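Thank you all for coming; I would like to take a few minutes to go through one model with you, moving from its helices and charged side chains to its rings, and ending with its open and enclosed spaces. Please have the sequence and the coordinates on your screens as I speak.

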Amino acid sequence: MGEASRTFDDLVAEAAAVSVAGWDFSWLDGRATEERPSWGYQRAMSGRLARASAALDIQTGGGEVLAAAEKLPPVMVATESWPPNVAKATALLHPLGAAVVADADEPPLPFADAAFDLVTSRHPVTVWWEDIARVLRPGGTYFSQQVGPASVFELVEYFLGPQPESVRRARHPEDARRDAEAAGLEVVDLRAESLRTEFFDIGAVVYFLRKVIWMVPDFSVDRYRERLRELDELIRREGAFVAQTTRFLIEARKPVA
């Protein structure tokens, strides 16, 4: 049965009940689409990991991105703060030889100075630049794909209303450059793209907002049921709800003393 023939209540109930643990979005297959950045983070990260001797993946989620790397270095460690994700990442990464460390995502990282020649992170919520610089060896690299400013804000503002410019500009790539350089790192690559995202049914919206909790921080089905019902009608009428996702890639190197 196609999603368009299912009722609002059925779609919402299903999306409200499904697990949102980990960082796997396969539940949205056929229900939402998002363009991918042209730089291919997964492929680029995998290549860097294959050349590293000791690497750290920060805020690894359920470990899905790291686990897809073709070859892990001899020393591979990942950190994660959310207990369900810690358990999922441990089960996924330990058989591959990677250790998972439960960490509060606040400095200091539980590692010695100059412990890694590569630090990676896909879509970190926060970036503690000085601590990243501390755990990198001289000549080591931080490589990360991050969420850019006003990402999916068409959806955010549908629920929260117009946001102030300070909120819309948050997570700007030039701010990342400034903070990386202030921590003593040299930015060797910085690129940004705006990408089309489409939600084809209201269940996809509910699932997305339950999983990406910082988009609408107070989101719950009960709180926003009427607004969800209106959005369901819009999607059925227009075929999709369209938003723009922003992403940027940053690579920063620790100078050799």
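Before I come to any particular contact, let me say what I mean by a helix here: a helix is a DSSP run of H or I that is at least four residues in length, and the helices are numbered from the N terminus. I should also say at the outset that what you are looking at is a predicted model.

With that in place, let me start in helix H10, where Arg236 and Asp232 are four residues apart and are therefore separated by about one helical turn. These two residues form a salt bridge, with the closest N and O atoms 2.9 Å apart. Which of the two is buried, and which is partly exposed? Asp232 counts as buried because its relative accessibility is 7%, the cut-off for buried being under 20%, whereas Arg236, with a relative accessible area of 37%, is partly exposed.

The same kind of contact is found again in helix H10, between Arg227 and Glu230, which lie three residues apart, or about one turn of the helix. Here the closest N and O atoms of the salt bridge are 2.7 Å apart, and both partners are partly exposed, Arg227 with a relative accessible area of 32% and Glu230 with 41%. Arg227 has a further contact, in that its charged end sits over the ring of Tyr158, 3.6 Å from the ring centre.

A further salt bridge joins Arg225 to Asp222, with the closest N and O atoms 3.9 Å apart; Arg225 is partly exposed at 27% relative accessibility, while Asp222 is exposed at 65%. As a general remark, side chains of opposite charge can pair when their charged atoms come close. How many salt bridges does the structure hold? The count is 24.

Let me turn to the aromatic residues, since Tyr158, the ring under Arg227, is also part of a cluster that ring pairs build from Tyr158, Phe159, Phe219, Tyr224 and Phe241. Within that cluster, Phe159 and Phe219 form an edge-to-face pair, at 6.0 Å centre to centre and with 80° between the planes. This pair links distant parts of the chain, given that Phe159 is in helix H6 and Phe219 is in the loop between H9 and helix H10, 60 residues apart. Both Phe159 and Phe219 are buried.

In total the structure holds ten aromatic pairs, and another of them is the edge-to-face pair of Phe111 and Phe116, with 5.2 Å between the centres and 85° between the planes. Phe111 and Phe116 are both buried as well.

Now to the backbone, where a few places deserve a careful look. The peptide bond that joins Pro107 and Pro108 is cis, with omega at about 5°, and Pro108 is found in the loop between strand S4 and strand S5. Two residues other than glycine have a positive phi: Gln59, near 55°, and Ala150, at about 55°. Gln59 has its place in the loop between strand S2 and H3 and, at 10% relative accessibility, is buried, while Ala150 lies in the loop between S6 and H6.

Gln59 also brings us to the enclosed space, for a search of the whole structure finds one cavity of 30 Å³ or more, and Gln59 is among the residues nearest its centre, together with Ile58, Leu109, Thr126 and Trp128. This cavity holds about 120 Å³ of space, and its lining has eight nonpolar, three polar and four charged residues.

Finally, the pockets. The largest has a volume of about 700 Å³ and is lined by 33 residues, with Phe25, Glu34, Arg36, Arg122 and His123 nearest its centre. By class, that lining has 15 nonpolar, nine polar and nine charged residues. Phe25 takes part in a charge–ring contact too, as Lys211 lies over its face at 5.2 Å from the ring centre. The second largest pocket, of about 500 Å³, is lined by 24 residues, and those nearest its centre are Trp23, Glu80, Asn85, Val125 and Trp214.

Key:
Residues are numbered from 1 along each chain as its sequence is written. This is a predicted model: local features need pLDDT of at least 70, side-chain atom pairs count only at pLDDT 80 or more; totals for chains, interfaces and linings use all residues. Side-chain values use heavy atoms; hydrogens and water are left out. On a 1 Å grid over the protein atoms alone, a cavity is a set of points where a 1.4 Å probe fits but cannot get out, and a pocket is an open set with protein on both sides within 12 Å along at least five of seven lines; lining residues have an atom within 4 Å of a point. Grid points are joined across faces, edges and corners, and a volume is the space filled by probe spheres set on the points. Ala, Val, Leu, Ile, Met, Phe, Trp, Tyr, Cys and Pro count as nonpolar, Asp, Glu, Lys and Arg as charged, and the others, Gly among them, as polar. Rings of Phe, Tyr and Trp (its six-membered ring) pair if their centres lie within 6.5 Å; planes under 30 degrees apart count as stacked, over 60 as edge-to-face and the rest as tilted. Buried means under 20% relative accessible area, exposed over 50%, partly exposed in between (1.4 Å probe, protein chains only). Helices (H or I, at least four residues) and strands (E, at least two) are DSSP runs, numbered from the N terminus. A charge sits over a ring if NZ of Lys or CZ of Arg is within 6 Å of the ring centre and within 35 degrees of the ring normal. A salt bridge is a side-chain nitrogen of Lys or Arg within 4 Å of a carboxyl oxygen of Asp or Glu.
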